[in-house]
Amino acid sequence: MASLALITTLSPTLPSLRSHASFPKALLLKPFSVSQTRRNSLKTAALGLGFNKTLISSPKLANLTRDFSPPRRGLSVKAAATTGGSSITPAAKEPWQGAAMKPLLASIATGVILWFVPTPAGVTKNAWQLLAIFLATIVGIITQPLPLGAVALLGLGASVLTKTLTFAAAFSAFGDPIPWLIALAFFFARGFIKTGLGNRIAYQFVSLFGSSSLGLGYSLVFSEALLAPAIPSVSARAGGIFLPLVKSLCVACGSNVGDGTEGKLGSWLMLTCFQTSVISSAMFLTAMAANPLSANLTFNTIKQTIGWTDWAKAAIVPGLVSLIVVPLLLYVIYPPEVKSSPDAPKLARERLEKMGPMSNKEIIMAGTLLLTVGLWIFGGVLNVDAVTAAILGLSVLLVTGVITWKECLAESVAWDTLTWFAALIAMAGYLNKYGLISWFSQTVVKFVGGLGLSWQLSFGILVLLYFYSHYFFASGAAHIGAMFTAFLSVASALGTPPYFGAMVLAFLSNLMGGLTHYGIGSAPVFYGANYVPLGKWWGYGFLVSVVNIIIWLGVGGIWWKFIGLW
């Protein structure tokens, strides 16, 4: 360093120094003064590098050394290479890569405060402590001091550390099929895009409906609704079919994650497809896995059967109105940047021509998708559940090399979603097992029953409490199992027509899934695409929930009166 500093600012001497084989770069320093001892040290260092003694002893070099002094700490040092100048500054302090402290402290404070609140009568200590950890985790998921998977893992760790849950209980939901089905959906999406099949189908859609973003959105919405009664898993429909298609459409239209183009089309399209997936799930008895549970609990409670036709007839009118209104509403309040593209269909047809015939991998991908969808449709007859069908499909893709296991491992969003969704399912499930949900239901029932209101107002309050308590659930089935019977019993006791009350609660058991990014199987799928920020996801989810309630209780109420449901 000393010799480099010494030789850098020579004027006539510098060219000869630069040409020296041992000296590839020179540092250009500002003049400073130095002692005779220091000058001798610098000369010795230069000789050590192999420079000529005559050169080192030149008068110009001797004069130069008198004008050098050591740079002060913290001052920048300018450098000049033989090809030009640049600036060398002290190494910048390494940025903090850990948790964002304010959101982390807010999450911890939520849990700590609730932990030390006296446990209400009728609630066990374990249930209350788990509620504190669960709410702290939810706050962390909203504020995101760390990635979602890490926040959820901290929540599970706190549950185990405090002995609120055993290790087996905390991680029990990693054996639940729904989180795995969602993760498998991301692997399917990778193959869909990698093979080019996604682009091919996307261009076909654009060629038919792509002259406007709204038309493209409606084509997807009603395609999903048509498949809903045949595929009794909203996770499978969303993840295995529509997520890959929607992602391909976004990419084909130049809307990508991470480059600032999410708003061109992807943000609106992802949110629209998600919100309408909960509507289509509410329209048919076989459109969501938990719907038969609602029908079964209805029979056990009021001894009346909800048939497939009865369900569809009651839901068809409010469902169609919601499918029309919700995309249009989001188009107004959360619009895509590109609304009209009259040249898009022509461009899409040109791209299809350039793509040529389907490749072998595209054919394998298409065949695998048809096999998987077929098993989802006829799985009940063949005794093959949705996640088993998806694993079979993935196995075909791996064996044929359409996608590799290394590519699956690289799908970080899939593994992150699997982690946080499984964690929330476990904690929410044990809130129910510890009796907190039944205590809440009974408390609500006593409160509403004691108000002395008409059955219409009482039922309205019950509906809102039932609907918005879904913030505490990561599964529609868990919510239905925990609260459906209690709320239906009380509604009936307060004068609500029992069959009418059962139908309304069954429909809302689907619609409430649109509130959060974990409330129904399609939520983690579409949210995990990373086109919509979490705050907007929750905010628009709440707004759409209000619109859906108005449509289903308003328009639906008139329709149900017309068909004699109440």
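# Two cavities and a few single residues

Let me begin with one residue: Thr-372, once its neighbours within four places in sequence are set aside, makes contact with Phe-188, Ala-389, Ala-390 and Gly-393. Please keep in mind throughout that what we are looking at is a predicted model, and that the values I give are computed from it.

Where does Thr-372 sit? It belongs to helix α18, which covers residues 360-382. Is Thr-372 buried or exposed? It is buried, because its relative accessibility is 0% and the cut-off for calling a residue buried is under 20%. Its side chain also has a polar atom that lies 2.8 Å from the backbone oxygen of Thr-368.

Let me now step back to the whole chain, so that you can place this residue in its surroundings. The protein chain has 27 helices and two strands, and buried residues make up 49% of its 566 residues. If we take the contacts between residues at least 6 apart in sequence, 77% of them join residues at least 24 apart. As for the outside, the accessible surface of the chain comes to about 24,900 Å², and 67% of that surface belongs to carbon and sulfur atoms.

Next, the empty spaces inside. Rolling a probe the size of a water molecule over the atoms shows where empty space is left. How many cavities of 30 Å³ or more does a search of the whole structure find? The search finds two.

The largest cavity has a volume of about 50 Å³, and its lining is formed by Leu-220, Val-221, Glu-224, Ala-238, Phe-242, Cys-273, Thr-276, Ser-277 and Phe-526. Three elements give two or more residues to this lining, namely α12 (213-227), α13 (234-252) and α14 (266-283). Sorted by class, the lining residues of the largest cavity are six nonpolar, two polar and one charged.

The second largest cavity has a volume of about 30 Å³, and the residues that line it are Leu-181, Leu-184, Ala-185, Phe-188, Ser-235, Ala-236, Gly-240, Trp-376 and Ala-390. Here the elements that give two or more residues are α10 (177-194) and α13, with α10 giving the most, at four residues. By class this second lining has seven nonpolar and two polar residues, and no charged ones. You may recognise two of the names, since Phe-188 and Ala-390 are in this lining and are also among the residues that Thr-372 contacts.

A second threonine is worth setting beside the one we started with. Thr-417 is placed in helix α21, residues 412-433, and it counts as buried, because its relative accessibility is 2% and buried means under 20%. Apart from neighbours within four places in sequence, Thr-417 is in contact with Ile-182, Phe-186, Ala-422 and Pro-524.

Let us turn to a tryptophan, Trp-439, which is found in helix α22, residues 436-449. It is partly exposed, because its relative accessible area of 24% falls between the cut-offs of 20% and 50%. Which residues does Trp-439 touch, not counting those up to four places away in sequence? They are Pro-120, Ala-121, Gly-122 and Val-123. Trp-439 and Gly-122 are 317 residues apart in sequence, and yet their C-alpha atoms are 6.8 Å apart in space. In addition, the side chain of Trp-439 reaches the backbone oxygen of Ala-121 at 3.2 Å.

Finally, I would like to point out two residues for their backbone angles. Most residues other than glycine have a negative phi. Lys-163, however, has a phi near 65°, which is a positive value in a residue other than glycine. This lysine lies in the loop between α8 (148-161) and α9 (167-170), and it is exposed, because its relative accessible area is 69% and the cut-off for exposed is over 50%.

The other residue is Asn-530, whose phi is near 70°, again a positive value in a residue other than glycine. Where does Asn-530 lie? You will find it in the loop between α26 (522-527) and α27 (534-562). With a relative accessibility of 40%, Asn-530 counts as partly exposed, because that value lies between 20% and 50%.

Definitions and conventions:
Residues are numbered from 1 along each chain as its sequence is written. This is a predicted model: local features need pLDDT of at least 70, side-chain atom pairs count only at pLDDT 80 or more; totals for chains, interfaces and linings use all residues. Side-chain values use heavy atoms; hydrogens and water are left out. Buried means under 20% relative accessible area, exposed over 50%, partly exposed in between (1.4 Å probe, protein chains only). Contact means heavy atoms within 4.5 Å. Accessible areas come from the Shrake-Rupley method with a 1.4 Å probe; for residues, only the protein chains shown count as cover. On a 1 Å grid over the protein atoms alone, a cavity is a set of points where a 1.4 Å probe fits but cannot get out, and a pocket is an open set with protein on both sides within 12 Å along at least five of seven lines; lining residues have an atom within 4 Å of a point. Grid points are joined across faces, edges and corners, and a volume is the space filled by probe spheres set on the points. Ala, Val, Leu, Ile, Met, Phe, Trp, Tyr, Cys and Pro count as nonpolar, Asp, Glu, Lys and Arg as charged, and the others, Gly among them, as polar. A polar contact is a pair of N or O atoms within 3.5 Å; within protein, one must be able to donate a hydrogen and the other to accept it, and residues adjacent in sequence count only if both atoms are side-chain atoms.
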